[in-house]
Amino acid sequence: MNAPVKTDNAELIVPEGVYAETVLSVTHYTDHLFRFRMTRPAGFRFRSGEFAMIGLMVEGKPLYRAYSIASPSWDEELEFFSIKVPNGPLTSHLQQIQPGDKVLMRKKPTGTLVLDALTPGKRLYMFSTGTGVAPFASLIRDPETYEKFEEVILTHTCRDVAELKYGFDLIEEIKADEMLSEIVGDKLKHYATVTREDYAFQGRITDLIENGKLFTDLGVPAFNPEIDRGMICGSTAMLKDTKALLEKAGLNEGANNKPAEFVIERAFVG
C-alpha cells in the first residue's frame with residue numbers, strides 16, 4: 001500500500017517497497033559533482049560497497065538511478081556522491097535538493113564491490129574514476145576492510161584537480177575520527193591522478209599500471225595474484241582496460257556467488 005508522506009510543498013505518495021528519507025546536508029564540489037547525506041531508515045541494512053536505487057518524483061512519477069552508498073555500513077546516515085548531468089532526467093533535479101527535502105530509495109541494496117566477493121589476500125587495490133570512488137568511500141571507512149587486508153590502496157583519477165577534492169575530504173575525515181584513524185593507521189594509501197591539468201601525479205590509471213609508475217610511486221611490487229586483490233568502478237573504457245591488465249597479471253574476476261581476485265561494478269555503465 002502506498003503511504004503519504006507530508007512535505008513542505010505537498011503530500012508525497014511513497015510507492016510500496018520504497019523509503020522516503022530526509023536530506024540532511026548537501027555539498028557542491030564543482031559544477032559537475034556534489035555530495036549529499038540523508039537519514040537512514042531504521043530497518044535498512046547493507047554491505048559496504050553496495051548500491052541502492054535512489055530517486056525523486058519527477059512529473060508525478062518516481063524516477064530512480066543506481067547510486068553507490070558512500071557511507072559505511074555502520075553509519076547512522078546515508079551518503080551519496082553524484083555527478084550533475086546537464087539535462088539528466090534525474091540529476092538535473094537531484095542536484096537542486098536542499099536539507100529537509102525528501103529522496104526516495106528502494107529497500108533492497110545490491111552490488112559486487114563487496115569484501116565477500118574477494119578471496120583472502122594481503123593488498124587491496126580500489127581503482128576508481130570520477131564518481132566511481134563512491135563505493136570505496138564506504139569501504140575505506142569500514143573496519144572490516146582493514147581486518148581482511150594489510151594494505152589498502154585507493155586510486156582516484158579525474159580530469160581536473162578540483163574533482164579530486166571529495167577523495168581528499170574522505171582521507172581527512174578518517175584522520176579526524178579517533179576510532180577510525182586508529183583502526184586504519186598507515187594501512188591506507190590514497191593515489192590521486194588527473195588527466196587534463198598539471199599535477200604531481202598525472203595520467204590514466206591504466207597507463208600508470210602499464211608503465212609501472214603506479215608501483216614505483218607507491219613503493220609496492222607489481223601485481224601478484226597470490227596476495228593482490230582488486231575492485232574496479234568507473235567508466236566503460238576504464239573497466240575494460242583495467243580488467244585486462246589484472247587478468248594479464250594472473251588475477252581472475254569474481255562475483256558474490258564465486259569469490260576470486262578482483263571484482264567490477266557494472267551497474268553504472270551504459
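Tyrosine 19 is buried in this predicted model, with a relative accessible area of 17%. Its ring takes part in an edge-to-face pair with phenylalanine 44, and lysine 107 lies over its face. The briefing below covers the aromatic contacts, an open antiparallel sheet of 6 strands, the largest nonpolar core with its 31 residues, and two non-glycine residues with positive phi, glutamate 59 and asparagine 87.

**Aromatic pairs**

- The structure contains 13 aromatic pairs.
- In the pair of tyrosine 19 and phenylalanine 44, the ring centres are 6.0 Å apart and the planes meet at 85 degrees, an edge-to-face arrangement.
- Tyrosine 19 belongs to strand β3 (residues 18-28), while phenylalanine 44 is in the loop between β4 (33-39) and β5 (51-58), so the pair ties together parts that are 25 residues apart in sequence.
- Phenylalanine 44 has 1% relative accessibility and counts as buried, because the limit for that class is under 20%.
- Tyrosine 125 and phenylalanine 127 form a stacked pair, with 5.4 Å from centre to centre and 5 degrees between the planes.
- Both rings of this stacked pair belong to buried residues: tyrosine 125 is at 1% relative accessibility, and phenylalanine 127 has a relative accessible area of 0%.
- A cluster linked by ring pairs comprises Phe34, Phe36, Tyr67 and Phe80.

**Charges over rings**

- Lysine 107 is placed over the face of tyrosine 19, at 5.1 Å from the ring centre.
- The ring of tyrosine 64 has the charged end of arginine 106 over it, 4.1 Å from the ring centre.

**The open sheet**

- The 6 strands follow the order β6-β5-β8-β3-β4-β7, with antiparallel pairing.
- At the edges stand β6 (61-68) and β7 (77-83); each has a single partner strand, so one side of each lacks a neighbour in the sheet.
- On average, and with direction ignored, neighbouring strands of this sheet are turned by 40 degrees against each other.
- Strands β3 and β4 run antiparallel and are joined by 5 bridges, and threonine 27 stands opposite arginine 35 in β4.
- Helix α4 (residues 165-176) lies across β4 and β7 and runs at about 45 degrees to β4.

**Strand β5 and its partners**

- Of the 8 residues of β5, 6 are buried, so this strand is largely enclosed by the rest of the structure.
- The antiparallel strands β5 and β6 are joined by 8 bridges; alanine 52 has tyrosine 67 in β6 as its bridge partner.
- Tyr67 is also one of the residues in the ring cluster with Phe34, Phe36 and Phe80.
- Between β5 and strand β8 (residues 102-106), which run antiparallel, there are 2 bridges, and glycine 55 stands opposite leucine 104 in β8.

**Positive phi outside glycine**

- Glutamate 59 has a positive phi of about 55 degrees although it is not a glycine, and this residue is found in the loop between β5 and β6.
- The hairpin of β5 and β6 has 2 residues between the strands, and glutamate 59 takes its positive phi there.
- Glutamate 59 is exposed, with a relative accessible area of 82%.
- Asparagine 87 likewise is not a glycine and has a positive phi, of about 60 degrees.
- Asparagine 87 lies in the loop between β7 and α1 (91-94) and is exposed, with a relative accessible area of 76%.

**The largest nonpolar core**

- Among the 31 residues of this core, Met126, Phe136, Ile140, Tyr166, Leu188 and Met231 touch the most other members.
- The elements contributing two or more residues to the core are β9 (123-129), α2 (134-139), β10 (151-158), α4, α5 (178-184) and β12 (228-233).
- With residues up to four places away in sequence left out, tyrosine 166 touches Tyr29, Arg35, Ala70, Glu79, Phe81, Val133, Ala137 and Arg141.
- Arg35, one of the residues touched by tyrosine 166, is the residue of β4 that stands opposite threonine 27.

Conventions: Residues are numbered from 1 along each chain as its sequence is written. This is a predicted model: local features need pLDDT of at least 70, side-chain atom pairs count only at pLDDT 80 or more; totals for chains, interfaces and linings use all residues. Side-chain values use heavy atoms; hydrogens and water are left out. Rings of Phe, Tyr and Trp (its six-membered ring) pair if their centres lie within 6.5 Å; planes under 30 degrees apart count as stacked, over 60 as edge-to-face and the rest as tilted. Helices (H or I, at least four residues) and strands (E, at least two) are DSSP runs, numbered from the N terminus. Buried means under 20% relative accessible area, exposed over 50%, partly exposed in between (1.4 Å probe, protein chains only). A charge sits over a ring if NZ of Lys or CZ of Arg is within 6 Å of the ring centre and within 35 degrees of the ring normal. Two strands pair if DSSP finds at least two bridges between them. Axes are lines fitted to C-alpha atoms, for helices over the stretch in contact, and angles run from 0 to 180 degrees between N-to-C directions. Contact means heavy atoms within 4.5 Å. A nonpolar core is a set of buried Ala, Val, Leu, Ile, Met, Phe, Trp, Tyr and Cys residues joined through side-chain atoms within 4.5 Å.
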